[in-house]
Amino acid sequence: MKKLVIQGGKPLTGEININGAKNSTVALIPAAILADSKVVLEGVPDIQDVYSLLEILNEFHVETHFENNILEIDPTHMQSIPMPTGKIQSLRASYYFMGATLSKFGEGVIGLPGGCFLGPRPIDQHIKAFRSLGATIEDEYGVITLTTPDGLKGSRIYMDVVSVGATINTILASVRAEGKTIIENAAREPEIIDVVTLLNKMGAKIRGAGTSVIRIEGVDQLHGVTHTIIPDRIEAGTYISAAVAMGQEVKINNVIFEHIESFIAKLDEMGAKMEIGEDSILVHQSDNLKMVSLKTQPYPGFATDLQQPITPLLMKANGKGTITDTIYPQRVKHIPELNRMGANIKVDGDIIRIEGPAQLTGAPVRASDLRAGACLVIAGLMAEGETVITGVENILRGYSNIVEKLRAVGAEIEMVEDDESEE
Ligand code: EPU
């Protein structure tokens, strides 16, 4: 087990390059198995979730090669193998193998996904969509068995909640179904457009990605292609937060501004000083930040995944603010840790109430989930003294080379082996 040790208070200067998007990658990999020949993904982040997916692919007899952020996936000899337990349960995105194996083999046995605990994370909309396409689903002690007695047939599906996962899974399941599928109230996240771009290059016929109505015309066959993954908007937002907190001049490269417009608008409201470039954002030293309130929403609203990373910044502002996470109201595990570092934050039902300013001081804290970890890293950079973060494996699931990237801009952060951890 590892821990991160941060000596806070160091000013940050320099450049940080953003990787391909984690939440695209974890959907693109299962999408790639639908091809009948090799798919090459470029810009794949070097993160634990990718390695978990590679292990799952290898269990399915899919050949893979991952080097220098380029991932080759050759599903030519893929077999329909039940995956009730094991690696499949280690990450949330393994649920994409439900849609993908349904599409490829007309069947699948997939253990229910793990991933970050953010409160209840049901998959009822995924199941509803698969059933609507003609699949039979059985759930026995958390193992989902999918079969298609009469094949998959296109259908009209209205999503009761706007869900990234259910939208992508429905696309995966319907891409080779007979006839037309229409998804209404679809999620509009950039990652969905990325998955559809890959599938259309592979020969699929999907229109409307990025809007709330997606139309899919089933095709018989999909072929191998090369695809470059979009930049990770959440990784970008995380480093922008760190830069606003501690930067003298930090340039964040490989950013699509439109993907983080709502986040940047909030930082503007706080008085952060930024210059928006063509594919980069330059953050200047930002003093006298103003307190704000925010509410997370499905895209293009303020992303739930950036709610935790922006919270430490509010410690620099004067006054009272609130954060309301409408997607995951229980995504609050970072709050007691921030309070341990000197913050003054209360969780009041579904509302996080913040009172600033507060000078953070280093403390031992635990990253209970990925974005809580990002929040604590930023808090550690801001704090006086030493912060020791455990639960680092949660951070490494989604941030590649985080220590190297932060050290390159002047942070004093290192990863050390943690002999005493009981995990
Ligand atoms: N929901 C349902 N039923 C469903 C599916 C979702 O009620 O069948 C609810 C959820 O409980 C939640 C809301 O709908 O309240 C939205 O959930 P969504 O399905 O969009 O989330 P997800 O697909 O499971 C992805 C990301 C998350 C990110 C959310 C929201 C991946 C692998 N994960 O999860 O990313 O927070 O969308 O944008 O793409 C992260 O990167 O740290 C992370 C947790």
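1. In this predicted model, a good place to begin is Phe97, which has a relative accessibility of 0% and therefore counts as buried, the cut-off for that word being under 20% relative accessible area. Phe60 is buried by the same reasoning, since its relative accessibility is 1%.

2. The structure holds four aromatic pairs, and Phe60 and Phe97 form one of them, with ring centres 5.4 Å apart and planes at 45°, so that this pair is described as tilted. That word follows from the angle, because planes under 30 degrees apart would count as stacked and planes over 60 as edge-to-face. Phe60 belongs to the loop between α2 (48-59) and β4 (63-67), whereas Phe97 belongs to helix α3 (residues 96-105), so the pair ties together parts that are 37 residues apart in sequence.

3. A further pair is made by Phe263 and Phe302, whose ring centres are 5.9 Å apart and whose planes meet at 50°, so this pair is tilted too. Here again distant parts of the chain are linked, for Phe263 sits in helix α8 (residues 261-270) and Phe302 in the loop between β17 (294-296) and α9 (307-314), 39 residues apart. Both Phe263 and Phe302 are buried.

4. Phe263 also appears in another setting, since it is one of the residues lining the largest cavity, together with Arg233, Ile234, His259, Ile260, Ser262, Tyr299, Gly301, Ala303 and Leu306. The space in this largest cavity is about 50 Å³, and a search of the whole structure finds four cavities of 30 Å³ or more. Helices α7 (233-246) and α8 each supply at least two residues of its lining, which by class comprises six nonpolar, three polar and one charged residues.

5. How much of helix α9 is covered? The helix is mostly covered, as eight of its eight residues are buried, and these are Gln307, Gln308, Pro309, Ile310, Thr311, Pro312, Leu313 and Leu314. The student may wish to look at this helix after Phe302, which lies in the loop between β17 and α9.

6. The largest pocket, as distinct from the largest cavity, holds about 1,000 Å³ of space. Of the 45 residues that line this pocket, those closest to its centre are Arg121, Val164, Gly165, Ile327 and Tyr328. Four helices, α1 (22-32), α4 (124-132), α5 (164-174) and α11 (370-382), each supply at least two residues of the lining, and the lining as a whole has 22 nonpolar, 11 polar and 12 charged residues.

7. Which domains contribute to the lining of the largest pocket? At least three residues come from each of domain 1 (2-19 + 231-417) and domain 2 (22-228), and it is worth noticing, when tracing the chain, that domain 1 is given as two segments, 2-19 and 231-417.

8. Turning last to the whole protein, one can count 13 helices and 23 strands. The radius of gyration is 21 Å, close to the 22 Å that the globule rule gives for 423 residues, so the protein is as compact as a globular protein of that length. Along its principal axes the C-alpha trace spans about 65 × 45 × 40 Å, and buried residues make up 56% of the 423 residues.

Terms used. Residues numbered from 1 in each chain as written. Predicted model: local features only at pLDDT ≥ 70, side-chain atom pairs only at ≥ 80, totals over all residues. Heavy atoms only, no water. Phe/Tyr/Trp six-rings, centres within 6.5 Å; stacked < 30°, edge-to-face > 60°. Buried < 20%, exposed > 50% of the residue type's maximum accessible area, 1.4 Å probe, protein only. 1 Å grid on protein atoms, 1.4 Å probe; cavity = no way out; pocket = protein on both sides within 12 Å on 5 of 7 lines; lining within 4 Å. Points joined across faces, edges and corners; volume = space filled by probe spheres on them. Nonpolar A, V, L, I, M, F, W, Y, C, P; charged D, E, K, R; others polar. Domains from an automatic or database assignment. Rg over C-alpha atoms; globule rule 2.2 N^0.38 Å.
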